[in-house]
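User: Please take a close look at one part of this model. I would like the local details, residue by residue, with the cut-offs spelled out.

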Amino acid sequence: MLMENRIHLELRNKTPSEVRELVLDNCRTENGNTEGLTDEFVNLVFLSLIDVGLLSISNIPRLEKLKKLELSDNKISGGLEVLAQKLPNLTHLSLSGNKLKELSTLEPLKKLKHLKSLDLFNCEVTYMSDYKDSVFKLLPQLTYLDGYDCEDKEASDSDVEVDGDGVDDDDDDDDEEGEGEDEEDEDGEDDDLDEEDEDEEDEEEVEGEEDDEEEEDYGLDGEVDDEEEDVEDAVAAGKGEKRKREDEDEYDVWDDEEDD
């Protein structure tokens, strides 16, 4: 697939300014130059052009936000001065598997002030006996060469990545702010729930007090009922005694008449 067609496919109905990562590996160019890439990709952070048949990068557009550029397995032999001119903020550059033979061809990279990682694996320049020391001396801004620092310590994963694979720090800050707002919302919801729980507890206490009062009322009613029963019993007893006395009086009268 031609590079221009591949770019159109990778856009997927997006505008160039919306694209931050563009991978065009294994596509083909007609004349050995970048084709279809324009300076409209103003927010591009990561660009990969592995094995696309590049002979030159002279017509690469100006991409001021680009930080990581993959140019592995092409046929580039020089002309690296264009990188400092058009990609001033480049931090990671891979030129492995290209036709770079002399140390002098790397000298233009000194102008890439932010460059901290360079990969020249499988380039002829790496066959020099003092290759490593010479490159670190030529490019003092470098931290890693072919994945290792000047003390042969391997680069960590965080050093290899570029802002989390193309994610800017500003976006991270926005995410943190969003998380902070979510936490505040959650705290507010928790406070509301606590207040609701307290209100429910207060209502339960009030209901409990009302139940106790009702029980006390029931107790008083019971006592009143007992007193009323006692009075009724006393009245009934009094009536019984009265009837008994009346019967006795009648009996005495009958006795007196019989005596007469």
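Analyst: What follows covers a histidine, two asparagines and two cysteines. This is a predicted model, where local features need pLDDT of at least 70, side-chain atom pairs count only at pLDDT 80 or more, and totals for chains, interfaces and linings use all residues. Residues are numbered from 1 along each chain as its sequence is written, and side-chain values use heavy atoms, with hydrogens and water left out.

Start with His92. His92 sits in strand E4, residues 92-94. Helices (H or I, at least four residues) and strands (E, at least two) are DSSP runs, numbered from the N terminus. His92 is buried, because its relative accessibility is 6%; buried means under 20% relative accessible area, exposed over 50%, and partly exposed in between (1.4 Å probe, protein chains only). The side chains of His92 and Thr91 share a polar contact of 2.8 Å. A polar contact is a pair of N or O atoms within 3.5 Å; within protein, one must be able to donate a hydrogen and the other to accept it, and residues adjacent in sequence count only if both atoms are side-chain atoms.

Now the asparagines. Asn13 lies in the loop between helix H1 (3-11) and strand E1 (21-23). Its phi is positive, about 65°, although Asn13 is not a glycine. Asn13 is exposed, because its relative accessible area is 84%. Asn26 lies in the loop between E1 and strand E2 (46-48). Asn26 is not a glycine, yet has a positive phi of about 70°. At 52% relative accessibility, Asn26 counts as exposed.

Last, the cysteines. Cys27 is buried at 1% relative accessible area. Cys123 is buried at 0%. A disulfide is a pair of cysteine sulfur atoms within 2.5 Å. The count by this rule is zero disulfides.
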